Amino acid sequence: YTHYHVLIIGGGTGGIMLAAKLRREQKHLRIAIIEPSKDHWYQPAWTLVGAGTYDYPDTRRSEASVIPEGVTWLQDLATEILPETNTVRTEKSGDYNYDFLVVATGAKYDLDGIEGLREALKTPNVCSNYIDPRKTWGVLLNFKGGNAVFTQPTTPIKCGGAPQKIMYLSDDYFRKTGVRGKSNIIFATPGSTIFGVKEFLGTLQEVVKRKEIIVRTFYSPVRIDSARNEIHFKRMQPGEQVFTPDERLQERSEGADTVVIPYNMLHLAPPHVAPDVVRNSPLAVAEGPNKGWLDVDMHTLQHKRYSNIYGVGDVSALPTGKTGAAIRKQAPVVAAHLLAQISHKRQSDKKYEGYSSCPFITGYGKMVLAEFKYDNLRDSDPLISKFVDTTKEQYSMWLLKKYGLPWMYWNLMLKGIM
Ligand code: FAD
């Protein structure tokens, strides 16, 4: 076929979860997923892979094995979306038409978004769990002391806590191997604080204090000079005139608003952008800080200008954390609205309230489960919060992260069961 009732672009977490949900509800729908990759990854476990406590091959399954039964997999790359004619162009197999389109392409890494990043990633002491968590583990194993710098970009990123989780695990690991005494751990963030939801901030600040981590806020990474092992930050705090470099780090200022920190190891999240097929389409937000991301209503997840188009997952311009946990709450909303529209029923009144969650691993065997919704308000999954105080570090939450969540992901979430 070249015409589908529902066409989904992207067979990652969002695309598969939604397709599975729709199939469960309506067997007769003709659904297809456009996805070029033969692999499907469980990315949340990459934090653990980076810390040497999870096997990388266990985070992969074949794409074929996760495509829900009865759903067509078009193994191709979507290259253009033409919403006026309900058409999606692909690289190899031509054009497809749809009654309803769901955009689930996730985010793309912009390796040119920080000068020198591309080259730096090829050097032995610069790593990213986002790109290759196995390398991160190698970097930790080889670290002999000095400055261990952890940072993140100014763009939105997947799982906002991930750049910190690997830092907390690194601290733990360096203490075990005895190298911590001769090193500085630095968290440099463009933000004003380490985490925006106040109920969890206190716990995380205690963790940072206990671990003697040096936090630098309003630091935006702009250049990596990998020949000299130095990273340049632009200070984002206008009005603050006096700058005192931290001598322990051999930090130095350069010009009015640049700070340079030498590193012995560097971990970072790369800048994220929406994939080209969305960014260059009429579906993207045209202006402002969300420019390029998919322009959907924050509660219904329906496109703001095309009523037969929806978004699910990281690609959407939503003021909340980009996580798989968020998708677990988004997919049922999109499914309900789509099915109501397909059957010409009244609009569904299901709303997405911005739920997202971030399992903050604070050491081997310790985790704080931060759950929140729009406006940085605390939220909680009623089942878990009934039994444990998720604002505190808990061993039970570590077990959930390492064993429970991966099992739930493959066996329940991707099957549209929860
Ligand atoms: P993805 O799962 O990334 O899938 C997008 C798919 O679209 C890909 O398969 C891609 O090939 C495809 N695609 C892209 N462009 C096109 C195109 N033009 N045509 C066709 N197909 C296309 N989440 C949590 O909930 N908890 C965590 O603890 C957590 N930790 C994380 C740690 C790390 C290091 C990382 C990297 C992520 C983490 N996440 C976590 C985030 C989570 O993995 C993502 O939010 C989730 O996978 C997003 O799903 P998605 O479907 O939007 O995108």
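**From one loop residue out to the ligand**

Let's start at isoleucine 157, which sits in the loop that runs between strand 11 (146-151) and helix 6 (162-177). Keep in mind as we go that this is a predicted model. Is isoleucine 157 buried or exposed? With 22 other C-beta atoms within 10 Å, isoleucine 157 is buried, because the cut-off for that label is 20 or more. Setting aside its neighbours within four places in sequence, the residues in contact with isoleucine 157 are Gln152, Ala269 and His272. Have a look at tyrosine 130 too: 27 residues separate it from isoleucine 157 in sequence, while C-alpha to C-alpha the two are 9.8 Å apart in space.

Strand 11, at one end of that loop, belongs to an open sheet of five strands. Reading across, the order is 10-18-11-12-13, and the pairing is parallel. Strand 10 (126-127) and strand 13 (214-217) are the edge strands, each pairing on one side only. Follow the sheet to the strand 13 edge and you'll find strand 12 (residues 183-189) beside it, with four bridges joining the two in the parallel sense. If you want a spot to zoom in on, phenylalanine 187 stands opposite valine 215 in strand 13. Helix 6, at the other end of our starting loop, packs on this sheet and touches strand 11, strand 12 and strand 18 (265-268). The direction of helix 6 makes about 175° with that of strand 12.

Now zoom out to the domains. The assignment gives domain 1 as 3-107 + 274-354 and domain 2 as 112-271. Their C-alpha centres lie 32 Å apart. Where they meet, 13 residues from domain 1 and 14 residues from domain 2 take part in the contact. On the domain 1 side, the residues that touch domain 2 split into six nonpolar, five polar and two charged.

That leaves the ligand. Where does the ligand lie with respect to domain 1 and domain 2? Both domains give residues to the shell around the ligand, so it lies between them. The shell has 36 residues, and the closest are Gly10, Gly12, Gly14, Gly106 and Gly313. Which helices each supply at least two residues of the shell? They are helix 1 (13-25), helix 2 (46-50) and helix 9 (324-342). By class, the shell around the ligand divides into 17 nonpolar, 15 polar and four charged residues.

Definitions and conventions
Residues numbered from 1 in each chain as written. Predicted model: local features only at pLDDT ≥ 70, side-chain atom pairs only at ≥ 80, totals over all residues. Buried ≥ 20, exposed ≤ 12 C-beta atoms within 10 Å, placed from the backbone. Contact = placed C-beta atoms within 7 Å. Pairing = 2+ DSSP bridges. Axes fitted to C-alpha atoms, helices over the stretch in contact; angles between N-to-C directions. Domains from an automatic or database assignment. Nonpolar A, V, L, I, M, F, W, Y, C, P; charged D, E, K, R; others polar. Near = placed C-beta within 6 Å.
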